2 protein chains.
Amino acid sequence: MSRDRSPGLPEGFRASGTCCGIKSNASKRDLAIFLSETSCAAAGVFTTNRVSGAPVQVSRKRLPSQKIRGVIINSGNANACTGPEGIATAERMTAELAAQIGCEADQILVCSTGVIGVQLPVEKISQKLPEAVATATGDEAGITSAATAMMTTDTYAKLITRDVDLETGRVTLTGVAKGAAMIAPNMATMLAVIMTDLTLDSDQAENLLPVAVNQSFNCISVDGHTSTSDSVLLLANGKSGVRLKDRGDVAQFQAALMKMCVDLAQMIIRDAEGASHFVTVDVEGARNFEEAEIIAREVANDVLVKTAIAGNDPNWGRIVSACGRTGCLDSEADVSLAINRHAVFKKGKPVAFDESKISASMQTGDVVLDITLTQGEGRWRIWTSDLTTDYVRLNSEYTT
Amino acid sequence: MSRDRSPGLPEGFRASGTCCGIKSNASKRDLAIFLSETSCAAAGVFTTNRVSGAPVQVSRKRLPSQKIRGVIINSGNANACTGPEGIATAERMTAELAAQIGCEADQILVCSTGVIGVQLPVEKISQKLPEAVATATGDEAGITSAATAMMTTDTYAKLITRDVDLETGRVTLTGVAKGAAMIAPNMATMLAVIMTDLTLDSDQAENLLPVAVNQSFNCISVDGHTSTSDSVLLLANGKSGVRLKDRGDVAQFQAALMKMCVDLAQMIIRDAEGASHFVTVDVEGARNFEEAEIIAREVANDVLVKTAIAGNDPNWGRIVSACGRTGCLDSEADVSLAINRHAVFKKGKPVAFDESKISASMQTGDVVLDITLTQGEGRWRIWTSDLTTDYVRLNSEYTT
């Protein structure tokens, strides 16, 4: 049983969002901090891009951990492709926050999002850090301002607070995230921080998080572009006194963590830059999970599929062709396709359908593509957005 | 030595373009035929998409061959995803042309391009085929009308006629092609037919063509979408009496064939739907050729790179990030990048550069991205186009 409640933080956590002047609009918050009174078990999942931001390199080394006390996140500058100076900057951010709250630098994690290839003006953060720590609170104001300070081109803060009743007691989960769209002039990034007052050890955190991420954040795709800075962090401070005592508890918490990640991931897609449709690509019957994922991604990232959806056009040929391009099919006779539950192609043969009816259903903004193969048990689902002229306009506007 | 001349056909070939009414605009040509007086050695390279059009399935079975007499191509309907009825239609087209010119059906090759998933109204072709054969000529009028009849959304016919002086004598090469862009409401296709009066046997044709295609048509990418119907055909009828006598001759003709394919491929990119830039992605220093190709394709197909180029924005972070995403790098320290010969990133570190100068150079419509790695000898080059709001608009307009 889990129940959403008004935004807040689990016991023992506090947060704040502050303006440092890193963003060009100086009135916008660009520094978020999340603090725990006591040490947390923590785990992280980071970008697989071989070009990774300095904060990713610094945080990755510190995880898994049993002693994390806080997270510092700035928006407006990704501190990526910035060489050794960038690493020093990321380390300095953690050292300064550590000094403020009385712990070691390696007890702090760091994330940055924004423009890449430009050195981060770290003094601006140093100046405002005392204020950020002083104003951090455990209430709605604290978490909301922190969630806002992580935003780049997101149009709203992505924030969920949820009570979860485990067999052994009630814990709170709070998750914040920012958008996955990569948008001009800068490279935005998917960031999420999930905090709980459950007691975990770092091994448990390290086991639980990747499973949840794999079925949620790894199932969304706006433009197929894995950013240099994508990071998902889990912090558990144990303040509730609730522990996972048996496998049943673990499974229950795993499910709640997964649900939190799925809900945050879907919020990101629904707020994707320039998008007008939320698209679910659901592949079943592939030879195995790997091939199901390959097919789902090929369809989800296909610009012709995405532009057709933008125009409410049930252009099924593009979808079937994208499936064929993967090399995972033996022939088109393997494929059946339904758009918003209307069959359009069955085992290699076109099916007569009412185009205007399907098009009308697409105009609701939700599109489900069911791709059914005849090869095996492999299944995968991806959530994505469409590709609109707005997306191109936003991503091709010249920066200077 | 090779020299372009005014459009025409090699000795012994003739061609025509005819209106059958398959295209919705009934005044547009939509049936092209290419005929040889005598049997040709012939080879073909076809789409790797597992969902392939009926004509691809029919033609592929007939190649390589020593006895091809002609090619029949319609535009306006791709005859793809049309099941067994589609195969029967493609076979009927070849049988009817064979009957007209007095040969067997398996001496004729067939291609179709246009909308997919709709049965081709083959009677319209049957009715006009006698006229098509009667009007076929070896002069400029014949080849120009045939090249025009292959077009879908191409804005001009792609046609090259070239005399090639081999050690053993002069031969003529004529190549025609149509666009690779996949455009709404239909799925367009890359088709090319190359004819020569050189004497080849089918083994030679089968060896020469894939090498040329691999370095030309396989190096262009508009949207990363391999169509269901892509086909390149080579026909050699031997009318010049010139043969390839030694390895030097073979190398000379191979180079001429490659050049023809490169020139046709570049014409296709320059005419890509909605495009405003011709982009060359040049990767050097990768671990091997395979990885160089992976990196080049990732950059060429990245929607964020393509939209930045549309806006004349030297947004190098997106390019470096796309390289990193492939998993082929160890870290960003492997990468250097120049845009139109201006260095912007050197071995993992940003380089100061004049953005307005690079942006101005991009406004010429030609963009060269030089990606230099430090890993080995692997190199690959891709030609591509940018991604504009026009592309999205053209691809998202609803069809009905």
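In this predicted model, B:Ser52 counts as buried because 23 C-beta neighbours sit inside 10 Å of it, and the bar for that label is 20 or more. As for where this serine belongs, it falls in the loop that links strand S3 (31-46) to helix H1 (54-61) of chain B. Setting aside the neighbours within four places in sequence, B:Ser52 is in contact with B:Phe46, B:Thr47, B:Gln57 and B:Thr228. B:Asn25 makes a handy reference point: it is 27 residues from B:Ser52 along the chain, and the C-alpha atoms of the two are separated by 26 Å.

Now to the overall layout of one chain. Chain A splits into two parts, with domain 1 covering 2-270 and domain 2 covering 278-396. Their C-alpha centres are 33 Å apart. Where the two domains meet, domain 1 of chain A puts in 11 residues and domain 2 of chain A puts in 12 residues. On the domain 1 side, strand S9 (220-221) and helix H6 (247-270) of chain A are the elements that give two or more residues. H6(A) gives the most to that side, with 4 residues. Sorted by class, the domain 1 side that touches domain 2 of chain A comes out as 7 nonpolar, 3 polar and 1 charged residues.

Next comes the way the two chains sit together. A turn of 180 degrees and a shift of 0.0 Å along the axis lay chain A on chain B with an RMSD of 0.0 Å. The two copies are therefore related as by a two-fold rotation axis. Within chain A, the residue that comes closest to this axis is A:Thr389, with its C-alpha at 2.4 Å. Both copies use the same surface, as 98% of the contact residues of chain A turn up again in chain B.

How many residues of each chain take part in that contact? On chain A there are 56, in contact with 56 residues of chain B. Several elements of chain A each supply at least two residues to the side that touches chain B: helix H8 (303-310), helix H9 (316-325), strand S14 (349-350), helix H10 (355-362) and helix H11 (389-396). H9(A) gives the most here, with 8 residues. By class, the side of chain A that touches chain B holds 19 nonpolar, 25 polar and 12 charged residues.

Strand S14 of chain A, one of the elements on that side, also leads into a run of paired strands. Start with strand S12 (residues 336-339) and strand S13 (residues 342-346) of chain A, which pair in the antiparallel sense over 3 bridges. In this pairing, A:Ile339 has A:His342 in S13(A) as its bridge partner. S12(A) and S13(A) make a hairpin with 2 residues between them, and A:Asn340 in the turn has a positive phi of about 45 degrees.

S13(A) then pairs with S14(A): the strands run antiparallel and 2 bridges join them. Across this pair, A:Phe345 stands opposite A:Pro350 in S14(A). S13(A) and S14(A) also form a hairpin with 2 residues between the strands, and A:Lys347 takes a positive phi near 45 degrees there. As a general point for reading such strands, side chains in a regular strand alternate between the two faces of the sheet.

Terms used: Residues numbered from 1 in each chain as written. Chains lettered and ligands numbered in written order. Predicted model: local features only at pLDDT ≥ 70, side-chain atom pairs only at ≥ 80, totals over all residues. Domains from an automatic or database assignment. Contact = placed C-beta atoms within 7 Å. Nonpolar A, V, L, I, M, F, W, Y, C, P; charged D, E, K, R; others polar. Least-squares fit on C-alpha atoms with pLDDT ≥ 70 in both. Buried ≥ 20, exposed ≤ 12 C-beta atoms within 10 Å, placed from the backbone. Pairing = 2+ DSSP bridges.
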